[in-house]
Amino acid sequence: MAEQFEMPRVKLESQGLEVSKLGYGCMGLSGVYNNPVPEEEGIAIIKEAFSKGITFFDTSDAYGLNHANEYLVGKEEIICHGIGGVSGSVVVEVIGGHQHSRGG
């Protein structure tokens, strides 16, 4: 039988939140480095990371067109951890303030 692994956790001092020491950067889900993954596949990837103990997810308004990454991460949070789920056990970091312009 495989040995059970427990994800190390760390407290974020200024907020008092406790998160997994390893986070998941969601940029690759919405096509920054590659083609965007289908929404169902992106949600499945985030669920898999959560099932392995990841509770800290990084997203940004710059990760995909029209806030695609933020919407994907938000949909997963609502679908999987909303009412009746395990709400409050996931922390989503949002990097904001990026300015987008045509041509660069």
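A residue counts as buried when its relative accessible area is under 20%, as exposed when it is over 50%, and as partly exposed in between. With that yardstick in hand, a walk through this predicted model can begin. Arg9 has a relative accessibility of 39%, so this residue is partly exposed. Glu18, with a relative accessible area of 40%, is partly exposed as well. These two residues form a salt bridge, in which the closest N and O atoms lie 2.8 Å apart. Side chains of opposite charge can pair in this way when their charged atoms come close.

The surroundings of this pair are worth a look. Strand E1 covers residues 9-12 and strand E2 covers residues 17-20; the two run antiparallel and are joined by 4 bridges. Together E1 and E2 make a hairpin, with 4 residues between them. In the turn sits Gly16, whose phi is positive, at about 75°. Across the hairpin, Lys11 stands opposite Glu18 in E2.

The count of salt bridges comes to 2. Besides the pair just described, Glu48 forms a salt bridge with Lys52, and here the closest N and O atoms are 3.5 Å apart. Glu48 is partly exposed because its relative accessible area is 42%, whereas Lys52, at 52%, passes the 50% cut-off and so counts as exposed.

Stepping back to the whole chain, there are 2 helices and 5 strands. Followed along the sequence, they appear in the pattern β-β-β-α-β-α-β. Of the contacts with a separation of 6 or more, 65% link residues that are 24 or more positions apart. The accessible surface of the chain is about 7300 Å², and carbon and sulfur atoms account for 55% of it.

What about the inside? Buried residues make up 27% of the 104 residues in the chain. The largest nonpolar core has 11 residues, among them Met7, Cys26, Leu29, Ile54 and Phe57. Helix H1 (39-51) and helix H2 (68-81) each supply at least two residues of this core, and H1 gives the most, with 3 residues.

Finally, a word on confidence. The mean pLDDT of the chain is 76, and 72% of the residues reach 70 or more. Over residues 83-87, pLDDT stays under 50, and the model has 5 contacts beyond four places in sequence for this stretch. Where pLDDT is low, the predicted coordinates should not be read in detail.

Technical notes. Residues are numbered from 1 along each chain as its sequence is written. This is a predicted model: local features need pLDDT of at least 70, side-chain atom pairs count only at pLDDT 80 or more; totals for chains, interfaces and linings use all residues. Side-chain values use heavy atoms; hydrogens and water are left out. Two strands pair if DSSP finds at least two bridges between them. A nonpolar core is a set of buried Ala, Val, Leu, Ile, Met, Phe, Trp, Tyr and Cys residues joined through side-chain atoms within 4.5 Å. Buried means under 20% relative accessible area, exposed over 50%, partly exposed in between (1.4 Å probe, protein chains only). pLDDT is the predictor's confidence in each residue, from 0 to 100. Contact means heavy atoms within 4.5 Å. Accessible areas come from the Shrake-Rupley method with a 1.4 Å probe; for residues, only the protein chains shown count as cover. A salt bridge is a side-chain nitrogen of Lys or Arg within 4 Å of a carboxyl oxygen of Asp or Glu.
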